[in-house]
Amino acid sequence: MRRGFKTEAKSLAMELREEIGLDAQGPFDPYAFASEYGIPVVQLSSLDGPARDHFLKADGSALSGALIPTGTGVIILENDAQPLARRRTTMCHELAHVVLEHEFGVSLSDGRKCGLGGVQEAEADWLSGEMLIPYEGALRLARANATDELAARDFDVSLAVARWRMNHSGARKVIERTRAKWAEGRMSYR
Ligand SMILES: [Zn+2]
């Protein structure tokens with residue numbers, strides 16, 4: 001990831017949330033966002049034929065999402081057989097590629113892999129994380145000593161995504177450091 005990207009992603013995610021009337025607290029709505037941006041979302045279950053049956057599996061090896069260029073724009077194909085929390089994460093990942101104007105032919109997500117290069121994948125993952133649980137939201141939760149389970153419930157994401165954001169967004173570290181400073185300050189008064 002290029003230097004400064006994480007800082008940019010923080011404010012970009014907040015702008016994206018604002019565009020659909022959301023602040024830093026509460027779940028992101030990738031479907032409302034796609035509709036606002038005029039990006040059609042097609043559910044695999046709505047397609048016909050053997051391709052559908054091949055992709056439409058709930059297990060980890062199945063296709064979770066795809067970006068399909070249409071000449072003038074892009075369509076997101078999503079595997080609606082997967083749990084909603086997983087679908088929301090896939091949707092945000094694909095939307096992040098669009099927002100970041102990544103170059104793609106057809107991008108297929110199966111499990112954690114997309115058809116795109118390493119840097120673009122890392123950027124899409126990071127931005128989608130900020131969309132799902134923004135830094136400010138993670139900070140509020142960390143301040144309240146919230147568990148990963150509570151974070152997952154609050155932002156409507158899987159436990160794995162909640163844990164990743166709470167531990168890697170920097171929120172818990174910032175709160176710990178602040179508390180350590182307060183504790184030190186109190187000590188020095190004695
Ligand atoms: Zn990707």
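## A guided tour of the chain

Read from the N terminus, the elements run α-α-β-α-β-β-α-β-α-α-α-α-α. That gives nine helices and four strands. The model is a predicted one. Colour the chain by burial before you start: 41% of its 190 residues are buried.

**Stop 1: the N-terminal region**

Select Arg2 and Glu8. Their side chains meet in a salt bridge, 3.1 Å from N to O. Opposite charges on side chains can pair when the charged atoms come close. Check the cover on each partner. Glu8 is partly exposed, at 42% relative accessibility. Arg2 is partly exposed too, with a relative accessible area of 43%. This pair is part of a count of seven salt bridges.

**Stop 2: helix 2**

Move to residues 30–36, which form helix 2, and pick Glu36. Is Glu36 buried or exposed? Glu36 counts as exposed, at 52% relative accessibility. Now add Ile20 to the selection. Glu36 and Ile20 are 16 residues apart along the chain, and their C-alpha atoms are separated by 7.4 Å.

**Stop 3: the loop after helix 4**

Go to the loop between helix 4 (84–99) and strand 4 (107–110), and select Glu101. Show its backbone torsions. Phi of Glu101 is positive, about 50°, although the residue is not a glycine. Most residues other than glycine have a negative phi. Glu101 is also exposed, with 67% relative accessibility.

**Stop 4: helix 6**

Select residues 135–143, helix 6. Which residues of helix 6 are buried? They are Tyr135, Gly137, Ala138, Leu139, Leu141 and Ala142. Step past the end of the helix to Asn145. There, just after helix 6, phi turns positive, at about 55°.

**Stop 5: helix 7**

Select residues 148–155 for helix 7, where Asp148, Ala151, Ala152 and Phe155 are buried. These four cover an arc of only 100° around the axis, so they sit on the same side of helix 7. The spacing fits a general rule. An α-helix has 3.6 residues a turn, so residues three or four places apart point the same way.

Now look just after helix 7. Asp156 has a positive phi of about 55° there. Asp156 belongs to the loop between helix 7 and helix 8. Its relative accessibility is 36%, so Asp156 counts as partly exposed.

**Stop 6: the Asp148 network**

Return to Asp148 and show side chains. With a relative accessible area of 12%, Asp148 falls under the 20% limit for a buried residue. Which side chains does Asp148 meet in salt bridges? Take Arg163 to begin with.

Asp148 and Arg163 form a salt bridge, 3.2 Å from N to O. Asp148 lies in helix 7 and Arg163 in helix 8 (residues 159–168), so the pair ties together parts 15 residues apart in sequence. Arg163 is partly exposed, with a relative accessible area of 39%.

Next, add Arg172. Asp148 forms a salt bridge with Arg172 as well, with the closest N and O atoms 2.9 Å apart. This pair links distant parts of the chain: Asp148 in helix 7 and Arg172 in helix 9, 24 residues apart. Arg172 counts as partly exposed, at 21% relative accessibility.

Keep the three residues on screen together. Asp148, Arg163 and Arg172 are joined into one network by salt bridges that share partners.

**Stop 7: helix 9 and the positive patch**

Switch to a surface view coloured by charge. Select Lys6, Lys173, Arg177 and Lys181. These residues gather in a patch of positive charge on the surface. Which helix gives the largest share of the positive patch? Helix 9 (residues 171–189) does, with three residues.

Finish on Arg177, which is found in helix 9. At a relative accessible area of 52%, Arg177 is exposed.

**Selections to save**

- Asp148, Arg163 and Arg172, the salt-bridge network.
- Lys6, Lys173, Arg177 and Lys181, the positive patch.
- Glu101, a residue with positive phi that is not a glycine.
- Asp156, with a positive phi near 55° in a residue other than glycine.

Key:
Residues are numbered from 1 along each chain as its sequence is written. This is a predicted model: local features need pLDDT of at least 70, side-chain atom pairs count only at pLDDT 80 or more; totals for chains, interfaces and linings use all residues. Side-chain values use heavy atoms; hydrogens and water are left out. Buried means under 20% relative accessible area, exposed over 50%, partly exposed in between (1.4 Å probe, protein chains only). Helices (H or I, at least four residues) and strands (E, at least two) are DSSP runs, numbered from the N terminus. The arc is that of the directions from the helix axis to the C-beta atoms. Patches are made of residues with over 30% relative accessible area and no salt bridge: like charges are joined within 9 Å, nonpolar side chains (Val, Leu, Ile, Met, Phe, Trp, Tyr) within 5 Å. Accessible areas come from the Shrake-Rupley method with a 1.4 Å probe; for residues, only the protein chains shown count as cover. A salt bridge is a side-chain nitrogen of Lys or Arg within 4 Å of a carboxyl oxygen of Asp or Glu. Lys and Arg count as positive and Asp and Glu as negative; His and the chain ends are not counted. The place of a charge is taken as NZ of Lys, CZ of Arg, CG of Asp or CD of Glu.
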